[in-house]
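Okay, thanks for coming, everyone. I'd like to walk you through a structure that is probably new to you, so have a look at it first.

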Amino acid sequence: MIAIHNNPSEVVFHYRWIDYCEKNNIPYKLVNCYDDDIIAQLKDCSCLMWHYHQANFKDIVMAKPLLYSLEQSGMKVFPDFNTAWHFDDKVGQKYLLEALGFDLVKTWVFYEKQTALHWIEQASFPKVFKLRGGAGSQNVKLVKSKSSAQSLINQAFGNGFPAYDSWGSVKERIRKWRLGKTDAFDVFKGFVRLVNPPRYAKIMGNEINYIYFQEFLPNNDSDTRIIVIDGKAFALKRMVRANDFRASGSGDFRYEREVFDERCVTLSFEYTKKLNAQCVAYDYVFDADNNPKLVEISYGFANKVYDPCTGYWDEQMNWHAGSFNPYGWMVDLMLKK
């Protein structure tokens, strides 16, 4: 029997898994991973599926310890260690992707202020600054000059950066409201969070004592996201915001097969085998020679955004046109011996 963490949110995968199980007569059991007796709740189950979220304060505290403990005991879990230990951790991903030889956009991380200051003396600009966590382009800035980089370094090794960028969030909510992609209440909530940030940010505290830069690759009007699950891949092109360089979270998407460079798909299949992962979303941009470069990875994604996808590729690069159910692929993966 499959155990599924009971979460009413439509942002996460749970209700899609439940729907698939019910339509295919797959036995499942709803559990509450936050309960003290969760281990006992799982006694009659062969696996646990839990789409935990980087902005849920309870998930931040206990999701990985629970899942990895169960995995070490012999239970199958989704996501497993290889799939998610690096989730929402760009610093961890740098080391992992470099160690595996992936074609990553050049990335630098420093843990000593003087080393970072020495580096900017010989670095060219612009560069991209990021914090280790954050989705939808949150905590991502274009650093246009040495003086701007120096200011960021001073803050990184001083008071640090809040995990939640309150002003950036307000600006993004206003942008989406003007485009008709959100409502006025969402903008109001953004202003409220200027004085009362979300609880997860309080738990995480300030990001401090490290600085992360990534090479800026100009002339990209979009990024390409490829998601691989159990030998199948589907794609989304995310267009950059107006007068900006950031694509993630823009809300402006393309889905037609013709807009994708299939080299990204081929690379994603190769990378997934090396990662030995269940589900990986890869974000790519292109360098000056039009070669795809990996920016970062994730196991989770906003499910409704991918419903309009027009088809998927298999590992032989055959295209299967039409609708599909990637959440069912996740369930089927757990049912395999």
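A quick term before we start: helices (H or I, at least four residues) and strands (E, at least two) are DSSP runs, numbered from the N terminus. Keep in mind that this is a predicted model, where local features need pLDDT of at least 70, side-chain atom pairs count only at pLDDT 80 or more, and totals for chains, interfaces and linings use all residues. Residues are numbered from 1 along each chain as its sequence is written, and side-chain values use heavy atoms, with hydrogens and water left out.

Let's take the sheets. Two strands pair if DSSP finds at least two bridges between them. One open sheet has four strands in the order β2-β1-β3-β4, with parallel pairing. β2 (28-31) and β4 (76-78) sit at the edges with a single partner strand each, so one side of each has no neighbour in the sheet. On average, neighbouring strands here are turned by 20° against each other, direction ignored; for angles, axes are lines fitted to C-alpha atoms, for helices over the stretch in contact, and values run from 0 to 180 degrees between N-to-C directions. Strand β3 (residues 47-49) and β4 run parallel and are joined by three bridges, and C47 stands opposite K76 in β4.

What packs on this sheet? One helix is α1, which touches β1 (2-5), β2, β3 and β4, with its direction at about 150° to that of β1. Contact, by the way, means heavy atoms within 4.5 Å. Another is α3, touching β3 and β4, and its direction makes about 155° with that of β4.

Now the other sheet I want to show. It is also open, with four strands in the order β5-β10-β6-β7, and the pairing is antiparallel. The edge strands, β5 (107-110) and β7 (140-143), each pair on one side only. From one strand to the next, the twist averages 25°. Four bridges join β6 (residues 127-130) to β10, running antiparallel, and K130 faces Y212 of β10 there. α5 packs on this sheet against β5, β6 and β10, its direction at about 125° to that of β5. Helix α6 (residues 113-122) lies across β5, β6 and β10 as well, at about 145° to β5.

Back to α1 for a moment. How do helix α1 and helix α12 cross? The axes of α1 (residues 14-23) and α12 (residues 326-335) come within 9 Å and cross at roughly 70°. Angles of 65 to 115 degrees count as roughly perpendicular, under 35 as roughly parallel, over 145 as roughly antiparallel and the rest as oblique, so α1 and α12 are roughly perpendicular to each other. On the α1 side, R16, W17, Y20 and C21 make the contact; on the α12 side, Y327, G328, M330, V331 and D332 do.

Last topic: empty space. On a 1 Å grid over the protein atoms alone, a cavity is a set of points where a 1.4 Å probe fits but cannot get out, a pocket is an open set with protein on both sides within 12 Å along at least five of seven lines, and lining residues have an atom within 4 Å of a point. Grid points are joined across faces, edges and corners, and a volume is the space filled by probe spheres set on the points.

There is one cavity of 30 Å³ or more, and the largest has a volume of about 40 Å³. α5 gives the most to its lining, with three residues. The second largest pocket has about 260 Å³. Among its 15 lining residues, I60, K64, F87, D88 and M204 are the closest to its centre, and helix α3 (residues 57-73) supplies the largest share, five residues.
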